[in-house]
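Colleague: I should like to go through this model with you, one question at a time. Please set out the reasoning behind each answer.

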Amino acid sequence: MKNIAVLGCASVDSIMYMKNFPEPTPQTLIADRFYETVGSTGSGKALSLSKLGFDINFHAQIGDDYYGHKIINFMSKYDHLNFFYNFDVKSTQRHSNLMNERGQRISIFMQEASYKLIGDTKEVEKIINDADIIVLNIAPYCKDYIPLLKNYDKKVWCDLHDYDGINPYHNEFIDCADYLFLSSDNLPNYKEFMQKEVDLGKEFVVCTHGSRGACMLPADNKFIEVPIISDYDRIDTNGAGDNFMSGFMYAYLNKYNFQRCMQYGTIAAGLCINSPELINEDLSPKLLDTEFAKYYA
């Protein structure tokens, strides 16, 4: 299997569920349920890709504190996953996510990581050098990976999340990437953005639309659209986009056609939302194949 380097980022998240988001007025509320777990987009991709059998070297910046060591211990449980880290001068990144019954999220960053990559980069360069593929995430300190990546001829996959098409913060990540993923949440003219990036040389762009499915524009300029699979119960939507990208990568690296890649991404995302964690613990190549036969064959 391929060696994949996942660069940035890991956190510990507090997840709270309520039927509806509260009105913006002073009040006392009781959550329907609550739990705490390892989170962030780098964790979601590293965990799901490792469950799909890839050899993962995951690098992130964490604090030398209770939460940082919680992440270290959590990552150590997974086969095919090597977790490397720099200790941040700040505490471990922490999020508080408020979820409503429609799967929508309000995410509050209670503690951010430093905006710069802390410490020696020799370990990071070895991870990059050993990798067949790079997955670059978009935390602020992840910009410091980009000059290192320019020293190596590696294909870079990047998830822009809810990019609005305007924010200059994302430009360095867009320029660095060969393959782009994003959400249409804040980008109503997503097709125009996808077309522009393919015209500029991206190998393809994939855009997810939550409950409205996902679409893809390859270099042949023919859009591919797939709906969601409605059979999956929506328990928690955290990590759905990360798992979509991982399922897609699994199919792509197995040389399946683009339609099937999108379907595998849809399956992986559906399995994710069917679980309260960032990944479905049953995720495996065999399960993806079984679900594909069930829904598409």
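Colleague: Over the face of which ring does R94 lie?

Modeller: This is a predicted model, and the answer should be read accordingly. A charge is assigned to a ring if CZ of Arg is within 6 Å of the ring centre and within 35 degrees of the ring normal. R94 lies at 3.9 Å from the ring centre in question, and that ring belongs to Y67.

Colleague: How far from the centre of the ring of F292 is the charged end of R260?

Modeller: The charged end of R260 sits over the ring of F292. The cut-off for such an arrangement is 6 Å from the ring centre. The distance here is 4.3 Å.

Colleague: Turning to aromatic pairs, is the pair of F74 and Y78 stacked, edge-to-face or tilted?

Modeller: The count for the model comes to 29 aromatic pairs. In the pair of F74 and Y78, the ring centres are 5.7 Å apart and the planes stand at 45°. Planes under 30 degrees apart count as stacked and those over 60 as edge-to-face. Because the angle is 45°, the pair is tilted.

Colleague: Which helices hold Y250 and Y264?

Modeller: Y250 and Y264 form a stacked aromatic pair, with 6.1 Å centre to centre and 25° between the planes. This pair links distant parts of the chain, its members being 14 residues apart. Y250 is buried, and so is Y264. Y250 lies in helix α7 (residues 240-253) and Y264 in helix α8 (residues 258-273).

Colleague: Which residues form one aromatic cluster with W157?

Modeller: Residue W157 falls within strand β9, which covers residues 155-159. Four of the five residues of β9 are buried. The partners of W157 in the cluster are Y179, F181, F204, F248, Y252 and F258.

Colleague: In what order do the nine strands of the open sheet follow one another?

Modeller: The pairing in this sheet is mixed. Its edge strands are β5 (81-88) and β13 (224-226), each of which pairs on one side only. Neighbouring strands are turned by 15° against each other on average, direction ignored. The order is β5-β4-β1-β8-β9-β10-β11-β12-β13.

Colleague: Within that sheet, which residue of β10 is the bridge partner of D159?

Modeller: Strand β9 pairs in the parallel sense with strand β8 (residues 133-136) over four bridges, and L136 stands opposite C158. With strand β10 (residues 179-183), β9 also pairs in the parallel sense, over three bridges. In β10, C158 has L180 as its bridge partner. The bridge partner of D159 is F181.

Colleague: Which helix makes a right-handed β-α-β unit with β9 and β10?

Modeller: The two strands pair in the parallel sense. Their unit is right-handed and includes a helix covering residues 171-176. That helix is α5.

Colleague: In the four-strand sheet, which strands stand at the edges?

Modeller: The order in this open sheet is β3-β2-β6-β7, with mixed pairing. Two of the strands have a single partner strand each, so one side of each is left without a neighbour in the sheet. These strands are β3 (33-39) and β7 (105-111).

Colleague: Which residue of β7 stands opposite M99?

Modeller: M99 falls within strand β6 (residues 94-99), which runs antiparallel to β7. Six bridges join β6 to β7. The residue opposite M99 is R105.

Colleague: What angle does the direction of α2 make with that of β3?

Modeller: Helix α2 (residues 66-75) lies across β4 (55-63) and β5, running at about 170° to β5. On the four-strand sheet, α2 packs by touching β2 (11-17), β3 and β6. Its direction makes an angle with that of β3 of about 75°.

Colleague: Why is helix α1 described as largely enclosed?

Modeller: Helix α1 covers residues 41-51. Its buried residues include T41, G44, K45 and L49. The helix is largely enclosed by the rest of the structure because of the number of its 11 residues that are buried, namely 10.

Colleague: Is L283 buried or exposed?

Modeller: L283 is found in the loop between α8 and α9 (285-295). Among the residues that L283 touches are S48, K51, L52 and N243. Its relative accessibility is 3%, and the cut-off for burial is under 20%. L283 therefore counts as buried.

Key. Residues numbered from 1 in each chain as written. Predicted model: local features only at pLDDT ≥ 70, side-chain atom pairs only at ≥ 80, totals over all residues. Heavy atoms only, no water. Buried < 20%, exposed > 50% of the residue type's maximum accessible area, 1.4 Å probe, protein only. Pairing = 2+ DSSP bridges. Right-handed = clockwise from strand over helix to strand, strands pointing away. Phe/Tyr/Trp six-rings, centres within 6.5 Å; stacked < 30°, edge-to-face > 60°. Axes fitted to C-alpha atoms, helices over the stretch in contact; angles between N-to-C directions. Contact = heavy atoms within 4.5 Å. Lists of a residue's contacts leave out its neighbours within four places in sequence.
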